[in-house]
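Here are my notes on this one, in the order I'd go through them with you. Have the viewer open while you read.

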Amino acid sequence: MELSRLLLQSGDNIPFYEKDGVQYCIKNPKLIDIINLDKKQESLYFRYSYLLTNTVLDFADILYMEQNIWYEDIDDWEFFLQNVVSSGEEVSVLSIKDNSDSKIELVNKTIKINKDYTDALNFFFETSGEYVLWKHNSNPEDKSYNNIFIINVNELNYLYDKCYIYNDKNLKINAHNYKIMLDILTKINWIKKDYEFMHGGNKHAKKYILKYDYKKRNKKKKEDNYVDLSSMVSSLVVKGQKYDDVLNYSIYLIYELYYRLRKVDEWNNTMMALSNGNIDTKKNPIKWEKIDWSSVINT
């Protein structure tokens, strides 16, 4: 999915889908939004992002070593659904079609997704209530996970039983727009992953690398020269940005400005070396389009 860089920079919400005149968007968080989450729990924003952007590839070593599941045999939507219903509970949902009280269908024993994923979805979609699994009945023969949706519902005190209510205008996530959500969230957060095992020339090589990845997974990672959002923010302030202004920058823009500063430094260092005669441009011609500090930064 192509996303406008200008929109990502702006902090305006990203259109997700529209149905019956209702536009659903994904929150394009600003620094102040992330700080407000930190007041509830440290690094809560990154936990939400982690839950919604991790895919089969991130757990390929665990799937192979602990469950003997090859990553190509399970797709990301199926993997996501299996994660969101861990510790899920059974609930009842009232489905109201076309906002008509005469078109009510009671769905029993639907599974409610767990709280962590619910909180993450509520944050990024600016919704409230709960999320439950919903099976699309138009094709009863379809037994695949593509026939299952995640829908947003609200609690309703109906008779003496606790249940939830849903109508066609409530947010609904299926296999197709899950991929759209994943694409948007990875771009907002400048997430680009390189999986070493994917470079294996054949399945045998990939298995060998996955075994190595699994062994080192639980080892303590060194954090020398580690860069995080906080250090990026302080870097921008040191370079002249006002902190009060940075609070209203989208997280996308903060990452971009940080990488832009690095390109500026690279440009300045190259110009200094060139002026001091330390670069033989005949032997090592300068690729100006590559070091141009105003060029597009690709994630």
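The points below start with the whole chain, then move to a helix pair and a few single residues.

1. First, the overall picture. This is a predicted model, so read everything here as computed from it. The chain's secondary structure adds up to twelve helices and eight strands. Of the 299 residues in the chain, 40% are buried. Taking contacts between residues at least 6 apart in sequence, 58% of them link residues at least 24 apart.

2. Now to α3, residues 44–53. How many of the ten residues of α3 are buried? Seven are, and the helix is mostly covered. The buried set is Leu44, Tyr45, Tyr48, Ser49, Leu51, Leu52 and Thr53. The cover over these residues includes α2 (31–40), α5 (76–84), α6, α7 (175–188) and α11 (251–275).

3. One of those covering helices deserves a closer look. Two packed helices are described by the angle between their axes and the distance between the axes. For α3 and α6 (residues 115–125), the axes come within 9 Å and cross at roughly 105 degrees. Angles of 65 to 115 degrees count as roughly perpendicular, so α3 is roughly perpendicular to α6. On the α3 side the contact uses Tyr45, Arg47, Tyr48, Ser49, Leu51 and Leu52. On the α6 side, Asp116, Tyr117, Asp119, Ala120, Leu121, Phe123 and Phe124 take part. Sorted by class, that contact has nine nonpolar, one polar and three charged residues.

4. Next, Thr53, which sits in α3. Is threonine 53 buried or exposed? It counts as buried, because its relative accessibility is 5% and the cut-off for buried is under 20%. The side chain of threonine 53 reaches back to the backbone oxygen of serine 49, at 2.6 Å. In general, an α-helix has 3.6 residues a turn, so residues three or four places apart point the same way. Setting aside residues up to four places away in sequence, threonine 53 touches Asp58, Leu182, Leu185, Thr186, Ile191 and Lys193.

5. There's another threonine to set beside that one: Thr270, in helix α11. Threonine 270 has a relative accessibility of 15%, so it counts as buried. Which backbone oxygen does the side chain of threonine 270 reach? That of glutamate 266, at 2.8 Å. Beyond its neighbours within four places in sequence, threonine 270 is in contact with Ile279, Ile286 and Ile291.

6. Check the backbone at Ser43. Serine 43 has a positive phi of about 65 degrees, although it is not a glycine. It lies in the loop between α2 and α3. With a relative accessibility of 36%, serine 43 counts as partly exposed.

7. Asn68 is worth checking for its phi too. Asparagine 68 comes just after α4 and takes a positive phi of about 55 degrees, again without being a glycine. It belongs to the loop between α4 (60–67) and α5. Its relative accessibility of 65% makes asparagine 68 exposed. In α4 itself, the buried residues are Ala60, Asp61, Ile62, Leu63 and Tyr64. What do the buried residues of α4 pack against? Their partners are α5 and α8 (203–217).

8. A word on the cysteines. How many disulfides does a search of the whole structure find? Zero. Cysteine 25 is partly exposed, with 23% relative accessible area, whereas cysteine 163 counts as buried at 4%.

9. Last, the strand end of things. Proline 15 is placed in strand β1, residues 14–19. Its relative accessible area is 41%, so proline 15 is partly exposed. How far apart in space are proline 15 and isoleucine 26? They are 6.4 Å apart, C-alpha to C-alpha, with their positions eleven residues apart in sequence numbering.

How values were computed: Residues numbered from 1 in each chain as written. Predicted model: local features only at pLDDT ≥ 70, side-chain atom pairs only at ≥ 80, totals over all residues. Heavy atoms only, no water. Axes fitted to C-alpha atoms, helices over the stretch in contact; angles between N-to-C directions. Helix = DSSP H or I, 4+ residues; strand = E, 2+ residues; numbered from the N terminus. Parallel < 35°, antiparallel > 145°, perpendicular 65-115°, else oblique. Contact = heavy atoms within 4.5 Å. Nonpolar A, V, L, I, M, F, W, Y, C, P; charged D, E, K, R; others polar. Buried < 20%, exposed > 50% of the residue type's maximum accessible area, 1.4 Å probe, protein only. Polar contact = N/O pair within 3.5 Å; in protein donor to acceptor, adjacent residues only side chain to side chain. Disulfide = S-S within 2.5 Å.
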